[in-house]
Amino acid sequence: MLKAIWSLVVPGLVGATLACGQAGLAQERTPDWSKVQIKVTKVSANIYMLEGQGGNIAASVGEDGIVIVDDQFAPLAEKIQAALKELKITDKPVRFVINTHYHGDHAGGNAPFSNAGSTLIAQDNVRRRLASGGTAGNGGSIKMETKPAEKAALPVITFGHDLTVHLNGEDIRALHFPAGHTDGDSIIFFPKNNVVHMGDDFVRYGFPFIDVASGGSVQGMIDAMEKATAQLPADVKVIPGHGALSNLDDVRAFTAMLKETSAAVQKALDEHKTLEQMKQAKILAPWSKWHGDFVNEDAFTETLYNSLTGHTGDFVKHN
Ligand SMILES: [Zn+2]
């Protein structure tokens, strides 16, 4: 279970050293790629959701070719391409890959897709962080080192605020929401199909991992969820970064939890409580149903504490 969770949600690329203080873990984990199967779900007229290992993939499949949002891990690229071909809608290749953010469980397949002829697209900070490598984490017990990515894995088209791909009769729009899960998150809108891929700004594994070491913050995540939901139709289909296909009620419940837990930690900060005191008082106990194997109450208390006290990276001020 723990192994599956790590390899599912841990952004620190395969082979990276993962350290999780409260669980006393510091080890390397590599999934058995040969056992991973790619499950394809039709979401809308020509949008599909692909699940394997790592973040969910959205695919626009049509007469112009294929656009995918995120690409999981490099060893799965051939399986992902085969699953898309198996739909028997087009023989055309994956023309574009859009990364929702730089973490290895979402952008790990960049190099093989690029080598197969796909054009990689991402927000400026995604390319910057892929190129540099560095430390990801919640500023506390969750910490992961990532190595600089090879050249083939770097997006060749980047954007600051937003970008639109006009393919398969749809204006597929990537919109940057700064300082949420990381500082390079994009939410991808498929307006004609009424589908949205929210990347790791919205996940279904419980308390979210917020990468404050890579410029993420809970305030930015709340902001992203509120701004995105305000411009979406009530019946939009939501592909989360991880977990099952969702709807706006699921996003609202997640956003409410973020706001309530942030308020609880802010109240404790106002009362001059230390992080240790907050953990000992179990101030997130009322939200224990959001407890996950990856981010438990203590790890999320750390995340909120670091986020609210400004232990975040550069804040890109737009949106
Ligand atoms: Zn992530």
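## Helix α6 and its surroundings in a predicted model

K227 and D223 both belong to helix α6, where they stand 4 residues apart, about one turn of the helix. The structure that holds this pair is a predicted model, and the account below starts from the pair, moves through the helix, and then turns to the rest of the chain.

The side chains of K227 and D223 meet in a salt bridge, with a distance of 3.1 Å from N to O. As general background, side chains of opposite charge can pair when their charged atoms come close. With a relative accessibility of 32%, K227 counts as partly exposed, and D223, at 29%, counts as partly exposed as well.

A further salt bridge involves helix α6, since the side chains of K259 and E226 meet at 2.5 Å, N to O. Because K259 lies in helix α7 and E226 in helix α6, this pair ties together parts that are 33 residues apart in sequence. K259 is partly exposed, with a relative accessible area of 42%, and E226 is also partly exposed, at 35% relative accessibility.

What of the helix itself, and how far apart should the ends of α6 be at 1.5 Å a residue? The 13 residues of α6 should span 18 Å, and the end C-alpha atoms of the helix are 18 Å apart, which agrees with that expectation. While the charged residues described above are partly exposed, α6 also has buried residues, namely V218, G220, M221, I222, A224, M225, A228 and T229. The cover over these buried residues includes β14 (186–190), α7 (248–270) and α9 (297–308).

Salt bridges also occur elsewhere, and a search of the whole structure finds 13 of them. One of these joins E271 and K273, whose closest N and O atoms are 3.0 Å apart. In this pair, E271 is partly exposed, with a relative accessible area of 42%, and K273 counts as partly exposed at 35% relative accessibility. In addition, salt bridges that share partners join R128, R129 and D183 into one network.

The three separate pairs described so far are set out here.

| Salt bridge | N to O distance |
|---|---|
| K227 and D223 | 3.1 Å |
| K259 and E226 | 2.5 Å |
| E271 and K273 | 3.0 Å |

The loop that leads to α6 holds a charged residue of another kind. D211 is found between β15 (195–197) and α6 (218–230), and it is buried yet has no salt bridge. Which side chain of opposite charge is nearest to D211, and how far away is it? That side chain belongs to R129, and it is 6.6 Å away; because a salt bridge requires the nitrogen and the carboxyl oxygen to be within 4 Å of each other, a separation of 6.6 Å does not qualify. The side chain of D211 does, however, make a polar contact with the side chain of H103, at 2.7 Å. Leaving aside residues up to four places away in sequence, D211 touches Y102, H103, A136, G137, H181, T182 and G216.

Other loops hold residues that can be compared by their exposure and backbone angle. D70 sits in the loop between β6 (65–69) and α2 (77–86), and its phi is near 75°, a positive value in a residue other than glycine. K88 is found in the loop between α2 and β7 (94–98), and its phi, near 55°, is likewise a positive value in a residue other than glycine. Is each of these residues buried or exposed? D70 is buried, with a relative accessible area of 0%, whereas K88 is exposed, with a relative accessible area of 68%.

K151 lies in the loop between β10 (142–146) and β11 (157–159), and at 74% relative accessibility it counts as exposed. The C-alpha atoms of K151 and L130 are separated by 9.4 Å, although the two residues are 21 residues apart along the chain.

These details belong to a protein chain with 9 helices and 16 strands. Of its 319 residues, 57% are buried, and the chain exposes about 12,800 Å², of which carbon and sulfur atoms supply 52%. Among the contacts with a separation of 6 or more, residues 24 or more positions apart account for 67%.

Notes: Residues numbered from 1 in each chain as written. Predicted model: local features only at pLDDT ≥ 70, side-chain atom pairs only at ≥ 80, totals over all residues. Heavy atoms only, no water. Helix = DSSP H or I, 4+ residues; strand = E, 2+ residues; numbered from the N terminus. Buried < 20%, exposed > 50% of the residue type's maximum accessible area, 1.4 Å probe, protein only. Contact = heavy atoms within 4.5 Å. Areas by Shrake-Rupley, 256 points an atom, 1.4 Å probe, with all protein chains shown as cover. Lys, Arg positive; Asp, Glu negative; His and termini not counted. Polar contact = N/O pair within 3.5 Å; in protein donor to acceptor, adjacent residues only side chain to side chain. Expected span 1.5 Å × (residues − 1).
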